[in-house]
Amino acid sequence: MKKYIALLVALALWSCKDGKSEASETEELALQSYTIEQMMDNEAIGGGSFSPDKTKLLVSSNRSGIYNMYTIATTGGELAPISVSDSSSVFAISYFPKDERMLFRMDNNGDERFHIYLKDTDGSDTDLTPEEGSRNNFMGWAKDDASFYFVSNKRDSKYMDLYEMDLASLTAKMRYQNDEGYTINAISPNKEYLVLGKSINTNDSDLFLHNLTTKSSIQINRTQSSNAGQDFAPDGKSIFYTTDEGSEFSYLMEYHIADKSYKKVLEKDWDISWSYFTKNGKYRVTSINEDAKSVIEIMDVASGKNIALPSFENESITSVGFSNDEQSMRFYLGGSHTPSNLYVYDLNTKNHTQLSNVLNAEINASDLVHAEVIRYKSFDGLEIPAIYYKPHQASATNKVPALVWVHGGPGGQSRQNFSSFIQYMVNHGYAVLAVNNRGSSGYGKTFYQMDDLNHGDKDLKDCVAGKNWLVEQTEIAGDKIGIIGGSYGGYMTMAALTYAPEEFAVGVNLFGVTNWIRTLRSIPPWWESFKEALYLELGDPNSADSVRLRKISPLFHTDKVTKPLIVLQGAQDPRVLQVESDEIVAGVRKNGVPVEYVLFEDEGHGFVKKENQITAYSKVLEFLDTYLKKDEGTPINDGTSLEIGS
């Protein structure tokens, strides 16, 4: 099973320099510099559940400053607010199948203990999963539209059991008690079978077909490989799952329940990320992770041929959803240079309607930057993929500072998606190279496993090689390159400043791991089923591995840090605890090194409130302008910390 341990932060101008040619000055004069408030005023919209009569879509939007629920007419118009939370974010799940009641989820300021709520037609809210401290995730509607499934750890904080919620009585019944730490991948249309996954390591997992009546299970996969259940066939007679058995990349396989036979269904030169059938089985929808970009294919099951989708220059369809009658489709369209907009597509007439325009009207779209996929050789000749954002104002006569960006994980991937934070830095004259160092997903299982039990070594050398690639670019000021990242990327930032202290000029640590022993011992209880696999990749903190884990943990080597550092952290983070950032800041300050610390009391693993994003990213730019862009810097706040209250 491909793992994403950390939630990579969904992140969001330029400055003049002397000594430019007349042509470059003219070019820069045409480029507008934007404030962080302007850049963060790009709206983010997600989801899109059709109402039963298809006249509306239920979506989530952060236009109020945090995520709330809205509806929008499928013919176009303004978003109508459904929730008005001003503290915890509200994320829409779905309309009910046959009426306009709604489901949504909410946690407590980023603590990731999600509850599922009902928004009734009278406007009232009901917590359908009220057990204190529980974590609950929606698993889909039953085929008969009379119930929905969800998983919850309310019985045992370590394990996610499967429940079925009756829509008439709004009472839940346990359907599967999960005492072995399985992941529930799929539920058959006739409610007879489950597909269960069991992690072996962070790449491989076993797959089982479980009979809910007999309570017996049989293993589906034939070899140790990465396997994930995707969906049952519409008639329930077979299972579709992804596997990399005998291959570098995951492909789609069909397993027939009756005769236990196998059929390879779809294979690409990249990983197939996921695949599912629409409600009545008319279409099979598949996403391919093609060089860090999602490519959507929709196959008409009857003909076996892919349907034609609307095409747009320089933009891609990133996600889709269907109405229950399979006649209408909503989709999102975007790219590295533009946030994704919501559309509705009539599958009969082939007409599409744009429902949103999320780019702030004050921003000229031509001022934003198209990312370029590049590849460079690392220290040992291994080819490393990366995504390069080159500022418009950068040239051989106007060299700019740069940042090596490291994704979350371990095992995550920098994607060709829009980031307000990255575009903000690029607009202000910073080139960004988002590296996919060894151990990143999306480039084959051999590449993916190359950093196992080797973090802070070869993966760090890949980042240093990325810096060296930047140095070779004529538009880059080679002595002004920093490193930035969140979660695992924050760890890599600290590893760089600690174990390669002369390579990068500054470091930006967004809630990064600094003490692997503590982090691995304090993982959230609902990760229990994944814990042993995690230990196989990183090391067991309760064994002799703790010696190596201490060696690669920057917290114990802060005396080596000599370059300016900024650390940002959410106090509610259940993955990387606040103490990680508290202690690394204290340790580095003992060296007399300039350190900025920004703590948000009402955020978790990543910053989702616009007000906090504005504060965080403006502080990062201020830090970079002081210590990276300028020849000489002065401390920002003389070593004090900034705490943002809830």
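Here are short legends for several close-up views of this predicted model.

Because the model is predicted, local features are described at pLDDT of at least 70 and side-chain atom pairs count only at pLDDT 80 or more, while totals for chains, interfaces and linings use all residues. Residues are numbered from 1 along each chain as its sequence is written, and side-chain values use heavy atoms, with hydrogens and water left out.

**View 1. Four strands, 1 to 4, form an open antiparallel sheet.**
Strands are DSSP runs of E with at least two residues, helices are runs of H or I with at least four, and both are numbered from the N terminus. Two strands pair if DSSP finds at least two bridges between them. The order in this sheet is 1-2-3-4. Strand 1 (45-50) and strand 4 (80-81) are the edge strands, each pairing on one side only. Start with strand 1 and strand 2, which are antiparallel and share four bridges; here Ser 49 stands opposite Leu 58. Five residues lie between these two strands in a hairpin, and Lys 54 in the turn has a positive phi of about 65°.

**View 2. Strand 2 meets strand 3 in the antiparallel sense.**
Strand 2 covers residues 56-61, strand 3 covers residues 68-73, and six bridges link them. Look for Leu 57 opposite Ile 72, and for Ser 61 opposite Asn 68. The hairpin of strand 2 and strand 3 has six residues between the strands, with Gly 65 in the turn at a positive phi of about 115°. How many of the six residues of strand 2 are buried? Five are, so strand 2 is largely enclosed by the rest of the structure. Here, buried means under 20% relative accessible area, exposed means over 50%, and partly exposed lies in between (1.4 Å probe, protein chains only).

**View 3. Strands 5 to 8 make an open sheet with antiparallel pairing.**
The strand order is 5-6-7-8, and the edges are strand 5 (90-95) and strand 8 (125-127), each pairing on one side only. From one strand to the next, the twist averages 30°. Axes are lines fitted to C-alpha atoms, for helices over the stretch in contact, and angles run from 0 to 180 degrees between N-to-C directions. Strand 6 (residues 102-106) and strand 7 (residues 115-119) run antiparallel and are joined by five bridges. Leu 103 stands opposite Leu 118 in strand 7.

**View 4. Strand 15 is covered on both faces.**
Seven of the seven residues of strand 15 (residues 205-211) are buried. In a regular strand the side chains alternate between the two faces of the sheet. On one side of strand 15 are Ser 205, Leu 207, Leu 209 and Asn 211, and on the other are Asp 206, Phe 208 and His 210. Strand 14 (residues 193-199) pairs with strand 15 in the antiparallel sense over seven bridges, and a hairpin of five residues joins the two. Gly 197 has Leu 207 as its bridge partner. Four bridges also join strand 15 to strand 16, running antiparallel, with Asn 211 opposite Ser 216.

**View 5. Helix 5 and helix 6 pack at an angle of about 80°.**
Helix 5 spans residues 458-472 and helix 6 spans residues 488-499, with their axes 10 Å apart. The two helices are therefore roughly perpendicular to each other, a label for angles of 65 to 115 degrees; under 35 is roughly parallel, over 145 roughly antiparallel and the rest oblique. Asp 459, Leu 460 and Cys 463 in helix 5 meet helix 6 residues including Tyr 488 and Met 492. Contact means heavy atoms within 4.5 Å.

**View 6. The largest nonpolar core has 101 residues.**
A nonpolar core is a set of buried Ala, Val, Leu, Ile, Met, Phe, Trp, Tyr and Cys residues joined through side-chain atoms within 4.5 Å. Which residues have the most contacts inside this core? They are Met 425, Leu 568 and Leu 624. Helix 11 (residues 610-629) gives the largest share, nine residues. Among the residues that Leu 568 touches, not counting those up to four places away in sequence, are Val 508, Phe 511, Phe 600 and Val 620. A second, separate core of 14 residues includes Ile 298, Ile 307, Val 320 and Leu 333.
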